[in-house]
Amino acid sequence: MIKEICSALLEADVNVKLVGSLRKSIKQTVNFKELAPGVNKKRLIQKAVFDELVKLVDPHAEPFKPKKGKPNVIMFVGLQGSGKTTTCTKLARHYQSRGFKSCLVCADTFRAGAFDQLKQNATKAKIPYYGSLTQTDPVVVAKEGVDKFKKERFEVIIVDTSGRHRQEQDLFDEMVQIQRAVTPDQTIMVLDASIGQQAEAQSKAFKEAADFGAIIITKTDGNANGGGAISAYVSRSRAFCR
Ligand SMILES: Nc1nc2c(ncn2[C@@H]2O[C@H](COP(=O)(O)OP(=O)(O)OP(=O)(O)O)[C@@H](O)[C@H]2O)c(=O)[nH]1
């Protein structure tokens, strides 16, 4: 059974070294020689695997929690099409349903249609939003939006930024400028699960530029390679957004 589980993890693009250490820890945890008769071995292995996987992604740090009664600015960064806009709205709804006055700011002036997309998502989710069809400087839009919502006493202000690649220095500089302008309490990097082992280099580049505090992995529903992103992430020892 352990062999099957390890094969499944390898198929899901989990780093081979991680699978090896996982296998070792499971074998140490489940000592077959000393098992009492009648013990359900299958259950025991399942629990050991589950515990090890949880340990693997445990950031050993308290996840970011917004504070009531004050503005908490969250900025999203990530590659093009990784799912930032979609996830921003999901997170805004998540906090809204937990009693936080939440809103969205579209600082993506790069992609035509980005503001419309955010508007559509936000309207559907009944989340107030801010953006501009005429202002081309994302730093200005981000600052205006955050200032406006702060004045209106919003508690969770989520800033969506445009997608960028680590090779695009100008876009990276722009991301840093937005970060300086809105001084977020938390920066979240969004990673598409299908990126696989590439995630490590990407997250390293983003970490060095924007110093994110958490990662959200998207599209785990449609792709079997989520393990690559997870293992790359584990190697960078960053906190998952929970
Ligand atoms: N299956 C699946 N699709 C998703 C998920 N998250 C986002 N998408 C889809 O992925 C596509 C890109 O998502 P966006 O939210 O626009 O990504 P983005 O990072 O804001 O894109 P840019 O602004 O161009 O950088 C859209 O078609 C989404 O519907 C997810 O968790 N699962």
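**Lys126 sits in the loop between α5 and β3.** The model is predicted: local features are given at a pLDDT of at least 70, side-chain atom pairs count only at pLDDT 80 or more, and totals for chains, interfaces and linings use all residues. Residues are numbered from 1 along each chain as its sequence is written, and side-chain values use heavy atoms, with hydrogens and water left out. Helices (H or I, at least four residues) and strands (E, at least two) are DSSP runs, numbered from the N terminus. The phi of Lys126 is near 55 degrees, a positive value in a residue other than glycine. With a relative accessibility of 69%, Lys126 counts as exposed; exposed means over 50% relative accessible area, buried under 20%, and partly exposed in between (1.4 Å probe, protein chains only).

**The whole chain contains nine helices and six strands.** Of its 242 residues, 47% are buried. The exposed surface of the chain comes to about 12900 Å², of which carbon and sulfur atoms supply 51%; areas come from the Shrake-Rupley method with a 1.4 Å probe, and for residues only the protein chains shown count as cover. Among contacts (heavy atoms within 4.5 Å) with a separation of 6 or more, 76% join residues 24 or more positions apart. The mean pLDDT is 84, and 89% of the residues reach 70 or more. For residues 237–242 the pLDDT is below 50, and this stretch has 23 contacts in the model beyond near neighbours in sequence. The pLDDT is the predictor's confidence in each residue, from 0 to 100. The model scores ipTM 0.94 and pTM 0.82.

**Six strands form an open sheet in the order β3-β2-β4-β1-β5-β6, with parallel pairing.** The edges are held by β3 (129–130) and β6, each with a single partner strand, so one side of each has no neighbour in the sheet. Two strands are taken as paired if DSSP finds at least two bridges between them. Strands of a sheet pair through backbone hydrogen bonds, either parallel or antiparallel. Five bridges link β1 and β4 in the parallel sense. Phe76 stands opposite Asp160 of β4.

**Strand β6 (residues 214–218) is largely enclosed by the rest of the structure, because five of its five residues are buried.** Both of its faces are covered: Ala214, Ile216 and Thr218 are buried on one side, and Ile215 and Ile217 on the other. Strand β5 (residues 186–192) runs parallel to β6 and is joined to it by five bridges. Across this pairing, Ile188 stands opposite Ala214 of β6.

**Gln186 belongs to strand β5.** Its relative accessible area is 9%, so Gln186 is buried. Leaving out residues up to four places away in sequence, Gln186 touches Phe64, Val73, Ile74, Met75, Gly213 and Ala214.

**Helix α8 (residues 199–210) joins β5 and β6 in a right-handed β-α-β unit.** A crossover is right-handed if, with the strands pointing away from the viewer, the path from the first strand over the helix to the second runs clockwise. The twelve residues of α8 reach 16 Å from first C-alpha to last, close to the 16 Å expected at 1.5 Å a residue; the expected span is 1.5 Å times one less than the number of residues. Buried residues of α8 are Ala199, Gln202, Ser203, Ala205, Phe206, Lys207 and Ala210. An α-helix has 3.6 residues a turn, so residues three or four places apart point the same way. Gln202, a residue of α8, has a relative accessibility of 1% and so counts as buried. Gln202 is 141 residues from Ala61 in sequence, and the two are 22 Å apart in space, C-alpha to C-alpha. Just after the helix, Asp211 takes a positive phi of about 40 degrees, although Asp211 is not a glycine. Asp211 lies in the loop between α8 and β6.

**Helix α4 (residues 84–97) packs its buried residues against β1 (72–78), β2 (102–107), α5 (114–125), β4 (156–161), β5 and β6.** These buried residues are Lys84, Thr85, Thr87, Cys88, Thr89, Leu91, Ala92 and Tyr95. The helix has 14 residues and spans 20 Å from its first C-alpha to its last, close to the 20 Å expected at 1.5 Å a residue. Gly99, just after α4, takes a positive phi of about 90 degrees.
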